[in-house]
Amino acid sequence: EPRAAPSVLELKDGTGAMVRCVRKGSGALECPVCLQLFNKPVMPVNAECKCTFCEACFHNLVKFGGRCTKCTRRLPTDPAQCQPNPEVARAVEAFQQEGGEDAEYAT
C-alpha cells in the first residue's frame, strides 16, 4: 500500500498530522472529555494515565472525578500536575492551517 503524502507536520511516529486525522477522523485530535479539538493540550504528570486533554478539561476531571474518561486510569490529585503536549498542539495547528473542519476553533 503506498504511503500517503506527508502533511506539513510529521508526528513522532512518522505519520502526518492530516493523514492521521483523515485515517481516524478528526476525533484523533479531539479531547476525550469535551469532544472538541484540543485547546491547550496537556498530559498528566506522574500518573497512571498518559492521555491528552484540554487544559480546562483536565482540571475539571481532577477536581470532580480523579479518573480518565478514556482509559479509566487514575489521574493526579493536583490539577497543576500536568504538562503541555507540544506534539498534539502542533498537530492541531497543522490541522487548522490545512483547512481542518474545526479551523474556526483556533485559539
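This note goes through the fold, the strands, the core and one helix of a predicted model.

1. Overall make-up. The chain has 107 residues, and 39% of them count as buried. Its secondary structure amounts to three helices and three strands. Read from the N terminus, the order of these elements is α-β-β-α-β-α. The accessible surface is about 6,600 Å², with 50% of that area belonging to carbon and sulfur atoms.

2. Contacts along the chain. Among contacts with a separation of 6 or more, 42% are between residues 24 or more positions apart. Two residues discussed below give examples of pairs distant in sequence: V92 and F38 are 54 residues apart along the chain, with 7.0 Å between their C-alpha atoms. For M43 and P86, the separation is 43 residues along the chain and 10.0 Å between C-alpha atoms.

3. Strand pairing. Strand β1 covers residues 41–44. With β2 it pairs in the antiparallel sense, over two bridges; here P41 has C54 of β2 as its bridge partner. Strand β3, residues 82–84, is also antiparallel to β1, and three bridges join them. On that side, M43 stands opposite Q83.

4. M43. Is this residue of β1 buried, partly exposed or exposed? M43 counts as partly exposed because its relative accessibility is 22%, and buried would require a value under 20%. Leaving aside residues up to four places away in sequence, M43 touches K50, C51, T52, Q81, C82, Q83 and N85. Q83, one of these contacts, is thus also the residue that M43 faces in β3.

5. The nonpolar core. Which residues have the most contacts inside the largest nonpolar core? They are F53, F58 and L75, in a core of 20 residues. The elements giving two or more residues to this core are β2 (53–54), α2 (55–64) and α3. In soluble globular proteins, nonpolar side chains tend to be buried together.

6. F53, F58 and L75. Both F53 and F58 are buried. A search of the whole structure for aromatic pairs finds one. That pair is made by the rings of F53 and F58, whose centres are 6.1 Å apart; their planes lie at 35°, so the pair counts as tilted. L75 touches both of these phenylalanines, and its other contacts include P44, A47, C49, L61 and V62, not counting residues up to four places away in sequence. G66, R67 and C68 are also on the contact list of L75.

7. Helix α3. This helix spans residues 86–97. Its twelve residues reach 16 Å from the first C-alpha to the last, close to the 16 Å expected at 1.5 Å a residue. Which residues of α3 are buried? They are V88, A91, V92, A94, F95 and Q96. An α-helix has 3.6 residues a turn, so residues three or four places apart point the same way. After α3 comes G99, with a positive phi near 85°.

8. V92. Within α3, V92 has a relative accessible area of 6%, so it is classed as buried. Apart from residues up to four places away in sequence, V92 touches L29, L37 and F38. F38 is thus both a contact of V92 and the residue whose C-alpha atom is 7.0 Å from that of V92.

Methods: Residues are numbered from 1 along each chain as its sequence is written. This is a predicted model: local features need pLDDT of at least 70, side-chain atom pairs count only at pLDDT 80 or more; totals for chains, interfaces and linings use all residues. Side-chain values use heavy atoms; hydrogens and water are left out. Helices (H or I, at least four residues) and strands (E, at least two) are DSSP runs, numbered from the N terminus. Buried means under 20% relative accessible area, exposed over 50%, partly exposed in between (1.4 Å probe, protein chains only). Contact means heavy atoms within 4.5 Å. A nonpolar core is a set of buried Ala, Val, Leu, Ile, Met, Phe, Trp, Tyr and Cys residues joined through side-chain atoms within 4.5 Å. Accessible areas come from the Shrake-Rupley method with a 1.4 Å probe; for residues, only the protein chains shown count as cover. The expected span of a helix is 1.5 Å times one less than its number of residues. Rings of Phe, Tyr and Trp (its six-membered ring) pair if their centres lie within 6.5 Å; planes under 30 degrees apart count as stacked, over 60 as edge-to-face and the rest as tilted. Two strands pair if DSSP finds at least two bridges between them.
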